[in-house]
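Reader: I would like to learn how to read a model with several chains. Where do I begin?

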Amino acid sequence: MTLLSLSGVDVHYGDFQAIYGIDLNVAEGETLAVIGANGAGKSTLLKAIAGQVRASAGTIAFDGVDVTALPAHKRVPLGIALTPEGRRIFKSLTVEENLLVGAHSKRPGPWNLRAVYEAFPLVADRKDRLGTNLSGGEQQAAAIGRALMSNPRLLLLDEVSLGLAPVVVEQIYAALPTITGQGTTVLVVEQDVNQSMRVADRVQCLLEGRTVLEGAPSDLTRDQIASAYFGI
Amino acid sequence: MQWINAIIQGVLLGGLYALLAAGLSLMFGVMRIVNLAHGALAILAAYIGLVIVQGTGVSPFIAMVAVVPIMAGIGYVLQWGIFNRALRMGGLAPLLGAFGLAVVLTQLMQLKFTTDSQSLQTGSLSIASIRITEQISIGVLPLITFAAGVIVIFGLQMFLSKAPLGRAMRAASDDSETVPLMGIDNRQVYALSTAIALGTVGIAGMFLGMRGNFDPNYGQAMLIFAFEAVIIGGLGSLWGTLAGGMVLGVAQALGSQMNPSYGVLVGNLVFLLILAFRPTGLLPKAVTT
Amino acid sequence: MTIDTPAVHVPRPHAKVRRATKSSWAGLAVIVVLLLAAPAVPYVLDKGVQGSLVTLFSLIVMATMWNLLAGYGGMLSIGQQAYVGIGAYALVYISDTIGLDPFMAVPLAVVIAGLFAYPISFLAFRLSGGYFAIGTWVIAVVLMQITLQIPALGGGIGVTFTGFSDLTPGRRIAYVYWLSLVGVALAVAVTYWIMRSRLGLGFTAIRDDETAAASLGVRVTRSKRFVFVVAAMGSGLAGAMIAANTLRVQPDSIFSVNYAVFMIFIVVIGGIGTIEGPILGAIVFFALQQWLSDLGAWYLVILGVIAIVITLFLPRGLWGLVSGDGRIRLFPVGYRLVRAAPEP
């Protein structure tokens, strides 16, 4: 069953068009990775799905409901959660308070403080620390935990590995099976192609705001991906 | 003895200034809006109280029970009507909107209530006092006002640190773009912040009217005193605001002791001195709001 | 392996950078005609009209200076009445007590307003945004309170300007009119000159992104201080014009926050951040003031509501409406690209 369905989505920032007529479908329970070079429009795509930017054309449907015109704060109660680029942890709040703010929509589900602490021991250790005093990896883990607190049906992860040490990235991705195991659908955006190929059921590659390649990792060759990624 | 008396009166007066300043601090803390209509709104609260007291004959303390929710409602409407839109326009728009509002409110109050001084009568309470020594006695009403200031500041502090809405306000203050991703409508959080801020303005306005005379133009002085309390105390600290209010109150009381016409001037000069030599205030960021 | 450099054809840019537009040439013509005609006013129109024009000129000067400070410098002040008061008192003191010629006293009053503003800026600049606004107001209040305590300045009663008292009323008002005409022309010209200079460009950068501007070498604080002092001098000029026109200077009225209210409403209504906006705004404000004067306090209510509505729905003000959002420019301070004639 299709959980998220985009058809012909355009996004503009003023006169600048960031994505062009994107079609995208994610089935419930699936993990999709959107890959592409810097500036390919990956983060914009996630923002459009979460409602942080408006689609200037096309439709976005979530579980059969047209959400194109809904503001971000009304999409969260439906079950869409975004871990934004740059993590955006609330700096003057403690880690635990960050998680509690994430639970604002009170959506019922398996995720609560205890479940997040179990999935991310890194977060549990730092629960009383202020957001401003966290390392990059701790911020990333807390940001994912914060998104999970809304018990999303669709979790959008933006550039999880960006700027983090490989060992930290590994720790964070180790929690992904726990998340998908709860039936959560995941859409991950990555510049790190290898990381995406390992975790995703399917990948979709963007180039300059357009889809240039999609398929299951096992069906795609390295050369196909490289040429789609760089546009050569 | 007169000087000690002046200091005590000044400290108590500082409670009123802190009460006035709390709402200004809260709105700045959450939205970075400096509400230039703050003083005019405090005077509006006093006039609403006056209308209720004169219309029903109840005591100002009973009237306060109605004034606070009325002011909170006005705050909610103002945020949706003016400030949320001004925030989206960005730049100087929130300040210009607030300034326009201050002028319009002041003029409307002049038209409705004239520029004659008014006060809220508290009967025997206005002269009741506790005698400490032969020369020093503490007025009961100033003491109640001071206690109200401490309670409001303590209450706001607890609300911000413990309540879910207070948490959302701090989150909005940190990063307003990310808050909607938590399923929270910023504009609603802002409207509730302004409602709470103006609720405290309602309390402040009522005490202001009980402690002395007011007229529509008095809002200008109230805005300035509240601002001085905030800056003397240090931005972003509610307890600092209380301390700042007390410093300002003591400075004004000592100035008046020197010469009755010097009170406000000495208060202003102390403020400028602190701005010159300790611009971060007395208790900078001791507690985040 | 060798790398061949492909022969790249770099086209000549088919565009030129221009500042002036057709409308600005037309504007220049209108201004020249007005400036040529304006000095003749005292020979044509009566004293009442001249007095009103002086009031209008002082509003234009105050609004132009407030716009320089807020619209270009990003500093919203509610305390420019401090310099209106200083300019007015300085004119009266220099002319009547020291005994200098009033025409010499006016420029000196302007300089004195600037001399006050320079040290004050160090205090005011410790605050920013809305707190800067209230801080400047407190400073104006303190200056008024201090003036009240100075017997030489008449304390609370104030002073009367007698510098022109040996002239006939007709002569006097004509002199004040010419003085104000020069004042308003200078104020607008100086603002125009500042905004066309490197400094103006720096301000555009500061307005867009203060941190980025600073990192590119724009000296943010120094530029702001310069504009703060210039704006104070302009407000001082307006104060001197007001004193020479009304002949009475009293602390509560010359240091009144109402001057700040006027400046802000005029600039918001006319269009903030343009040279033309404050001039148009002052004319509209002045007309409304005459037209609504029967309404008493209602006129400030109406102006306030208009200012709020314009702030929220028409941020470029009336000038933005008239000029089609900047396509018509009488005073071009920006740059624009025009297509150049193709190469033959």
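Author: What follows goes through confidence, chain contacts, sheets and a helix pair in turn. Keep in mind that this is a predicted model.

Reader: How do I read the confidence, taking chain B as the case?

Author: Take the average, then look for weak stretches. Chain B has an average pLDDT of 92, and 97% of its residues score at least 70. Residues 285-289 of chain B are a weak stretch, with pLDDT under 50 throughout. The model still gives those residues 18 contacts beyond four places in sequence.

Reader: Which chains share the most contacts?

Author: Begin with which pairs touch. There are 2 pairs of chains in contact, and chains B and C share the most contacts. Chains A and C do not touch, their nearest C-alpha atoms being 16 Å apart.

Reader: How is an interface described, and how many residues do chains B and C each give to theirs?

Author: The size of an interface is often expressed as the accessible area lost when the parts come together. Here I use residue counts instead. Chain B contributes 33 residues and chain C contributes 29. On the chain B side, helices H3 (60-89), H4 (93-113), H8 (218-233) and H10 (263-277) of chain B each give two or more residues. H4(B) supplies the largest share, 13 residues. By class, this side of chain B has 26 nonpolar, 6 polar and 1 charged residues.

Reader: What classes of residue does chain B turn towards chain A?

Author: That contact takes 14 residues from chain B and 20 from chain A. The chain B side holds 6 nonpolar, 3 polar and 5 charged residues.

Reader: How should I read a sheet in chain A, and which strands stand at the edges?

Author: Read the strand order, then the pairing sense, then the edges. One open sheet of chain A has 4 strands in the order S2-S1-S4-S5, with antiparallel pairing. Strands S2 (16-27) and S5 (65-66) of chain A each have a single partner strand, so one side of each has no neighbour in the sheet. S1(A) and S2(A) are joined by 8 antiparallel bridges, and Leu6(A) has Leu24(A) as its bridge partner in S2(A). Their hairpin has 2 residues between the strands, and Gly14(A) takes a positive phi near 60° there. Strand S1 (residues 2-13) of chain A also pairs with strand S4 (residues 57-62) of chain A, antiparallel over 5 bridges. In that pairing Ser5(A) is matched with Ala61(A) of S4(A).

Reader: What is the strand order in the sheet of 6 strands in chain A?

Author: This open sheet runs S6-S7-S8-S3-S9-S10, with mixed pairing. Its edge strands are S6 (80-83) and S10 (210-215) of chain A, and the twist averages 20° from one strand to the next. S6(A) and S7(A) run parallel, joined by 4 bridges. Helix H6 (residues 136-148) of chain A lies across S6 and S7 of chain A, at about 170° to S6(A).

Reader: How do I describe two packed helices?

Author: Two packed helices are described by the angle between their axes and the distance between the axes. In chain B, the axes of helix H2 (residues 38-56) and H4(B) come within 9 Å and cross at roughly 30°. H2(B) and H4(B) are therefore roughly parallel to each other, and their crossing is left-handed.

Reader: Which residues of H2(B) and H4(B) meet?

Author: Ala40(B), Leu41(B), Ile43(B), Leu44(B) and Tyr47(B) of H2(B) face Ala102(B), Leu105(B), Thr106(B), Met109(B) and Phe113(B) of H4(B). This contact divides into 9 nonpolar, 1 polar and no charged residues.

Conventions:
Residues numbered from 1 in each chain as written. Chains lettered and ligands numbered in written order. Predicted model: local features only at pLDDT ≥ 70, side-chain atom pairs only at ≥ 80, totals over all residues. Contact = placed C-beta atoms within 7 Å. Nonpolar A, V, L, I, M, F, W, Y, C, P; charged D, E, K, R; others polar. pLDDT = per-residue confidence, 0-100. Pairing = 2+ DSSP bridges. Axes fitted to C-alpha atoms, helices over the stretch in contact; angles between N-to-C directions. Parallel < 35°, antiparallel > 145°, perpendicular 65-115°, else oblique. Left-handed = near helix turned anticlockwise from the far one by under 90°.
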